[in-house]
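Biologist: Could you take me closely through one residue of this model and its surroundings, and then carry the same reading on to other parts of the chain?

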Amino acid sequence: MPALTEGSLAASRSLNARLLGYIRSGAASTRGQLADLTGLSRSNIAERVAELTSLGLVVEAGTTRSTGGRAPVRLELNARAACVAAVDLSVAGFDVALTDLDARPLTDRSVDWDIGEGPEATLTRVEEEIDRLLSDERARAVAAQPLVGVGVGFPGPVRFDTARPVSPAGLPDWDDYPLGERLGARYGVDVRVDNEANMMAVGEHRLGAAKGVEDFVLIKIGDGIGAGIFSGGRLHRGHLGGSGDIAHIPVPVDASSAITCRCGKQSCLTTVADARALGRTATALARDRRSPALRRAADRSGGPLNARDLMNAALRGDDPSVRALEAAAGHVGRTLAMVVNVLNPELVLLAGDMMAAADIVLPVVRRTVYAESTPLTTRALRIERSDPQGHFGITGAAATVLDHLLGAERLGDWSAISPVRATR
Ligand SMILES: [Zn+2]
């Protein structure tokens, strides 16, 4: 009965993927713990671990401490069995990295780039950087071959099922562009594409401050603004991939100072709080001579100022700059309060370039959220800075494609990946 054989093969793969998931997450590191977690017999577990070992995905890594009797053998994911490429696209630049199968970056590069150049030019540049990493001798020493997948974060809404951006504000060339298909054809591997903030949230959940946290929100404030939302331990993408796109929620500003957003609406959050907005504010404070510090900076640079100039001046105590930054942070806080009221997260993580001035921004965001949210939603709420050294956009993009490659659907294909070597 072939149907039954097919079915039992699928069930077996699904079970093997589950065991590998326990080993990947650290929930189990011995055959005995796998048996305890699954209720399967020791002999069944031994057989399945042998299959995962023969695929090159699990290695024995010495013994664990014994509680009496023979010390059990420690099992680990063979993180160096292959590598994946991770790409973190932002509005004004991108990061590329090769990571191991634990989603940890082995080698990476940052490139200044205007994503408004469009998908063809941008992806050609991204491919050049991936190729450079793959051919770099030093990188090859740490990133074991072969490349098995690509994960990409994009600064706008993404249809996860088609791996295409959908209606990104101000980036019409990217709308419905076959981003996943293009990179998949180029490298002959699986590609997963998701919103940049979603990828960061996945990275935080896997390796960062949100590890073990079921309900949290990551907000990135830099060249763009976006939010990644975890609810009940799962990433929430929404019906069409538009979840967390908070940049275009209108904020209350004077009609006289309202700016038309690149999305066509007036007074979106991004028009008062993203890097471009802070740069415009800094330039205006210098031009009007309201801030002597920024005036001097403008005289030195000879051109328009940027967000970094405003934050630097604010951090050195320049009062007009501090107040401008606090006003922007207040808008972020009010928008975030709506999110908190609706979702009741346990943790909010703030990321992005604006966090270079976290000492000024974070207290204002906290104060605003606490003032404008219900007592229940703030009773146990923590609002923290995401670790800027965490590379969570990269780790999240890698983890997203690895979840697919190491899941039940693709696990069997690892036998075809050659050469697969245990490195221990
Ligand atoms: Zn807008």
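Modeller: The residue I would start from is N16, which sits in helix α1, spanning residues 2-25; helices (H or I, at least four residues) and strands (E, at least two) are DSSP runs, numbered from the N terminus. The model is a predicted one, so local features need pLDDT of at least 70 and side-chain atom pairs count only at pLDDT 80 or more, while totals for chains, interfaces and linings use all residues. Residue numbers start from 1 along each chain as its sequence is written.

N16 counts as buried because it has 22 C-beta neighbours inside 10 Å (buried means 20 or more other C-beta atoms within 10 Å, exposed 12 or fewer, and partly exposed in between, with C-beta atoms placed from the backbone). Setting aside neighbours within four places in sequence, N16 is in contact with R48, E51, L52 and L411, contact meaning that the C-beta atoms, placed from the backbone, lie within 7 Å. A further link across the sequence is with G407, which is 391 residues away along the chain, yet the two C-alpha atoms are 8.8 Å apart.

For the wider setting, an automatic or database assignment divides the chain into domain 1 (2-77), domain 2 (83-206 + 391-416) and domain 3 (211-386). Taken over C-alpha atoms, the centres of domain 1 and domain 3 are separated by 45 Å.

Strand β10, residues 216-221, has six of its six residues buried, and it is therefore largely enclosed by the rest of the structure. F216, L218 and K220 point one way from this strand, whereas V217, I219 and I221 point the other way. Strands pair if DSSP finds at least two bridges between them: β10 runs antiparallel to β11 (residues 225-231), joined by six bridges, with F230 of β11 as the bridge partner of F216, and a hairpin of three residues connects the two strands. β10 also pairs with β13 in the parallel sense over five bridges, and there I219 has L350 as its bridge partner.

The loop between α12 and β13 (347-351) holds N344, which takes a positive phi of about 50° although it is not a glycine, and which counts as partly exposed because it has 17 C-beta neighbours inside 10 Å. R289, in the loop between α9 (275-287) and α10 (292-301), likewise has a positive phi, of about 60°, without being a glycine, but with 10 C-beta neighbours inside 10 Å R289 counts as exposed.

Terms used:
Two residues are in contact if their C-beta atoms, placed from the backbone, lie within 7 Å.
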